[in-house]
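Grab a pencil and open the viewer. Here is a short set of exercises, each with a solution worked through in steps.

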Amino acid sequence: MSAVLTFGTPPEDEAYITRPGAYAVFFNEMQELGLVRTDDDRYFLAGGGIEAGEKKEEALIREVLEETGLQASVKAPIGVAREFFLDEIESRYYEKIGHFYHVVITGQDPTQKIEADHTLLWLPVAEALPLLYHDMYRWAVEQAQR
């Protein structure tokens, strides 16, 4: 996995959990970034874990819908990055492997129940970037803007 862009360093004497996921970068008509705030006041790109037997793009579309209520389609892949970090709330180390995609929002599903601890926000990119919980999220947003 050495060709994958890496953020953070693996813990030397601690086990870590590897978590592959698919994450979306999307903008509204005012070029504001769509992001998710959780109840613990952390900011993420919409997306999440890839379930067994699920394709990355399927996981991406499902997670965007579950976390935001928005329907999306893949515009283009952005790339893959990984990040080693300590989740201070869970007191666990993770290796998060992110498959990032630039997506286009195609609609909203009014029947979709959004995850209770998630709130969709639209922020100017310059305001959103420093809020994002992971360095690899900032990288993906910057790549999508190119």
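The exercises below use a predicted model, and they move from a helix to salt bridges, a pocket and a few single residues.

**Exercise 1. The span of α1**

Task: Work out what span helix α1 (residues 56-68) should have, and check that against its end C-alpha atoms.

Solution:
- Step 1. Helix α1 has 13 residues, and the rise is 1.5 Å a residue.
- Step 2. The expected span is 1.5 Å times one less than the number of residues, so α1 should span 18 Å.
- Step 3. In the model the end C-alpha atoms of α1 are 18 Å apart, so expectation and model agree.
- Step 4. Now look just past the helix: Gly69 follows α1, and its phi is positive, near 80°.

**Exercise 2. The buried residues of α1**

Task: Find which residues of α1 are buried, and say which strands they pack against.

Solution:
- Step 1. Go through the helix with the cut-off in hand: buried means under 20% relative accessible area.
- Step 2. The buried ones are Ala59, Leu60, Arg62, Glu63, Val64, Glu67 and Thr68.
- Step 3. Think about helix geometry: an α-helix has 3.6 residues a turn, so residues three or four places apart point the same way.
- Step 4. Follow the buried residues of α1 outwards and you meet β2, β3, β5, β6, β7 (92-108) and β8 (118-124).

**Exercise 3. Salt bridges around Arg62**

Task: Starting from Arg62, trace the network of salt bridges that includes this residue.

Solution:
- Step 1. Arg62 meets Glu51 in a salt bridge, at 3.7 Å from N to O. This pair links distant parts of the chain, with Arg62 in helix α1 and Glu51 eleven residues away in the loop between β5 and α1.
- Step 2. Arg62 also pairs with Glu63, at 3.0 Å from N to O.
- Step 3. Compare the surroundings. Arg62 is buried at 18% relative accessible area and Glu63 is buried at 9%, whereas Glu51 is partly exposed at 48%.
- Step 4. Put the network together: Glu51, Glu54, Arg62, Glu63 and Glu66 are its members.

**Exercise 4. Arg42 and its partner**

Task: The structure holds eight salt bridges; which residue does the side chain of Arg42 meet in one of them?

Solution:
- Step 1. The partner is Asp87, with an N to O distance of 3.5 Å.
- Step 2. Arg42 sits in the loop between β3 and β4 (43-44) and Asp87 in strand β6, so this salt bridge ties together parts that are 45 residues apart in sequence.
- Step 3. Check both ends for burial: Arg42 has a relative accessible area of 15% and is buried, and Asp87 is buried too, at 5%.
- Step 4. While you're in that loop, stop at Asp41. Its phi is near 65°, a positive value in a residue other than glycine.

**Exercise 5. The largest pocket**

Task: Describe the largest pocket by its volume and by its lining.

Solution:
- Step 1. The space inside comes to about 400 Å³.
- Step 2. The lining has 23 residues, and those nearest the centre are Arg19, Arg42, Phe44, Lys96 and His118.
- Step 3. Sorted by class, the lining gives eight nonpolar, six polar and nine charged residues.
- Step 4. At least two lining residues come from each of β2 (16-25), β3 (32-38), β5 (47-49) and β6 (70-87).

**Exercise 6. Phe26 and Ile78**

Task: Is Phe26 buried or exposed, and what are Phe26 and Ile78 in contact with beyond their sequence neighbours?

Solution:
- Step 1. Phe26 lies in the loop between β2 and β3, and at 0% relative accessibility this residue is buried.
- Step 2. Outside the four places on either side in sequence, the contacts of Phe26 include Leu33, Ala46, Thr68, Val103, Ile105 and Trp122.
- Step 3. That loop also holds Gln31, a residue other than glycine whose phi is positive, near 60°.
- Step 4. Turn to Ile78, in strand β6. With neighbours within four places left aside, its contacts include Val25, Phe100, Tyr101, Trp139 and Ala144.
- Step 5. For scale, Ile78 and His118 are 40 residues apart in sequence, with 24 Å between their C-alpha atoms.

Notes
Residues are numbered from 1 along each chain as its sequence is written. This is a predicted model: local features need pLDDT of at least 70, side-chain atom pairs count only at pLDDT 80 or more; totals for chains, interfaces and linings use all residues. Side-chain values use heavy atoms; hydrogens and water are left out. On a 1 Å grid over the protein atoms alone, a cavity is a set of points where a 1.4 Å probe fits but cannot get out, and a pocket is an open set with protein on both sides within 12 Å along at least five of seven lines; lining residues have an atom within 4 Å of a point. Grid points are joined across faces, edges and corners, and a volume is the space filled by probe spheres set on the points. Helices (H or I, at least four residues) and strands (E, at least two) are DSSP runs, numbered from the N terminus. Ala, Val, Leu, Ile, Met, Phe, Trp, Tyr, Cys and Pro count as nonpolar, Asp, Glu, Lys and Arg as charged, and the others, Gly among them, as polar. Buried means under 20% relative accessible area, exposed over 50%, partly exposed in between (1.4 Å probe, protein chains only). Contact means heavy atoms within 4.5 Å. A salt bridge is a side-chain nitrogen of Lys or Arg within 4 Å of a carboxyl oxygen of Asp or Glu.
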